[in-house]
Amino acid sequence: MDSVQRILISDIVIPDRPTDGHKGTFGKVLVIAGSIGMSGAACLAATAALRGGAGLVYAAVPESIQSLVAGFEPSYLTIGLPCSSGGLLSAVPPGQVTSIVEGRDAVAIGPGLGRSHHAANIVLSVMNDAPCPVVVDADALNLAAEHGVWSGQNDPTPASDLPARVLTPHPGEFSRMSGLSISEVNADREGAAVEFARRANAIVVLKGAGTVVTDGQRVYINSTGNEGMGTGGCGDVLTGLLAAQLGQGIPAFAAACLAVYIHGFAADLAAVELSRRGLIASDVLKYLGSAWLQFERSLPD
């Protein structure tokens with residue numbers, strides 16, 4: 001750990017948004033998420049990508065929940081993925097995966113996607129082939145671990161040949177990815193995250209109190225957020241928010257640090273008004289605008 005550079009949020013360089021920018025300027029973000037009973041995960045992640053400043057957001061979800069997701073927020077677009085007669089995700093031809101990823105500036109995959117073999121095929125295809133940065137979260141992390149992506153059983157194209165892969169596990173998911181027990185992970189969160197990031201050649205965002213962000217060479221420990229965020233859906237908000245930063249061209253490590261900071265800051269602002277005990281994920285969404293406003297005011301001219 002002595003060789004790791006410790007980073008503060010003040011060290012992160014945030015590019016200006018040009019005054020003549022348009023929706024193409026600010027990135028096209030694809031969110032692949034959702035399943036029956038988990039449409040909310042897709043809604044939260046896609047809306048957070050919009051609140052993160054993305055110019056265009058596409059939510060690719062099973063056709064069986066497409067109308068639910070489309071009705072949640074009119075500002076993103078939806079793409080229907082094929083389903084069985086029972087509404088479950090069915091086989092998605094590789095060419096279709098390629099076509100929905102093509103032309104995107106960032107992809108987020110995993111929230112509420114489920115752990116079927118059809119979902120696994122999409123996850124592995126995106127991780128192996130997407131020509132843009134990818135945020136891998138939730139079910140996508142579990143599926144990748146089950147298919148040996150980080151154990152050498154099913155290595156994707158060497159990460160050095162791909163744009164960034166940003167992995168956003170909570171300790172349980174990280175345990176499945178790394179082979180460490182949860183107690184071992186929690187005993188040395190920084191060390192475990194740094195070692196895994198180096199081995200996987202990825203950015204790791206190990207969530208929890210004092211979220212750890214590392215690329216194996218640098219470490220940022222987040223100072224925002226509170227225990228009210230321990231509620232379903234908060235991670236989905238972070239996934240979309242992070243993808244938006246990547247889609248705007250912010251380098252992956254800086255994008256992850258910024259997203260984690262703003263995510264926690266929004267939760268802190270929400271808790272002042274609504275309490276920590278009563279905080280829910282959609283509250284964090286609602287306070288992202290206030291968090292950005294206060295953060296941007298604090299930046300040097």
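In which helix does Met127 lie? Met127 belongs to helix H4 (residues 117–129); helices here are DSSP runs of H or I with at least four residues, numbered from the N terminus.

This is a predicted model, in which local features need pLDDT of at least 70 and side-chain atom pairs count only at pLDDT 80 or more, while totals for chains, interfaces and linings use all residues. Residues are numbered from 1 along each chain as its sequence is written, and side-chain values use heavy atoms, with hydrogens and water left out.

**View 1. Met127 and its distances to Glu184 and Ala255.** Met127 has a relative accessibility of 4% and therefore counts as buried (buried is under 20% relative accessible area, exposed over 50%, partly exposed in between, with a 1.4 Å probe and protein chains only). Glu184, in helix H7 (residues 182–187), is partly exposed at a relative accessible area of 44%. Between the C-alpha atoms of Met127 and Glu184 the separation is 27 Å, for 57 residues along the chain. From Met127 to Ala255 the C-alpha distance is 19 Å, with their positions 128 residues apart in sequence.

**View 2. Packing of helices H9 and H11.** Two packed helices are described by the angle between their axes and the distance between the axes. Helix H9 (residues 234–247) meets helix H11 (residues 281–298) at an angle of about 35°, and the axes are 8 Å apart. Axes are lines fitted to C-alpha atoms, for helices over the stretch in contact, and angles run from 0 to 180 degrees between N-to-C directions. The crossing of H9 and H11 is right-handed, that is, the near helix is turned clockwise from the far one by less than a right angle. H9 contributes Cys234, Val237, Leu241 and Gln245 to the contact, and H11 contributes Ala281, Val284, Leu285, Leu288 and Trp292 (contact means heavy atoms within 4.5 Å). By class, these residues are 8 nonpolar, 1 polar and no charged; Ala, Val, Leu, Ile, Met, Phe, Trp, Tyr, Cys and Pro count as nonpolar, Asp, Glu, Lys and Arg as charged, and the others, Gly among them, as polar.

**View 3. Aromatic cluster with Tyr261.** The whole structure holds 5 aromatic pairs (ring centres of Phe, Tyr and Trp, the last by its six-membered ring, within 6.5 Å; planes under 30 degrees apart are stacked, over 60 edge-to-face, the rest tilted). Tyr261 and Phe265 form a tilted pair, with ring centres 6.0 Å apart and planes at 55°. Both residues lie in helix H10 (residues 252–274), 4 residues apart, about one turn of the helix. Tyr261 also pairs with Phe295, at 5.6 Å between centres and 50° between planes, again tilted. Because Phe295 lies in helix H11 and Tyr261 in helix H10, this pair ties together parts 34 residues apart in sequence. Tyr261 and Phe265 are buried, as is Phe295. Ring pairs link Tyr261, Phe265, Trp292 and Phe295 into a cluster.

**View 4. Cysteines outside any disulfide.** A disulfide is a covalent bond between the sulfur atoms of two cysteines. With a pair of cysteine sulfur atoms within 2.5 Å as the rule, the count is 0 disulfides. For Cys43 the nearest cysteine sulfur is that of Cys83, 15 Å away. For Cys257 the nearest is that of Cys234, 19 Å away. Cys43 is buried at 5% relative accessibility, and Cys257 is buried at 0% relative accessible area.

Terms used: Helix = DSSP H or I, 4+ residues; strand = E, 2+ residues; numbered from the N terminus.
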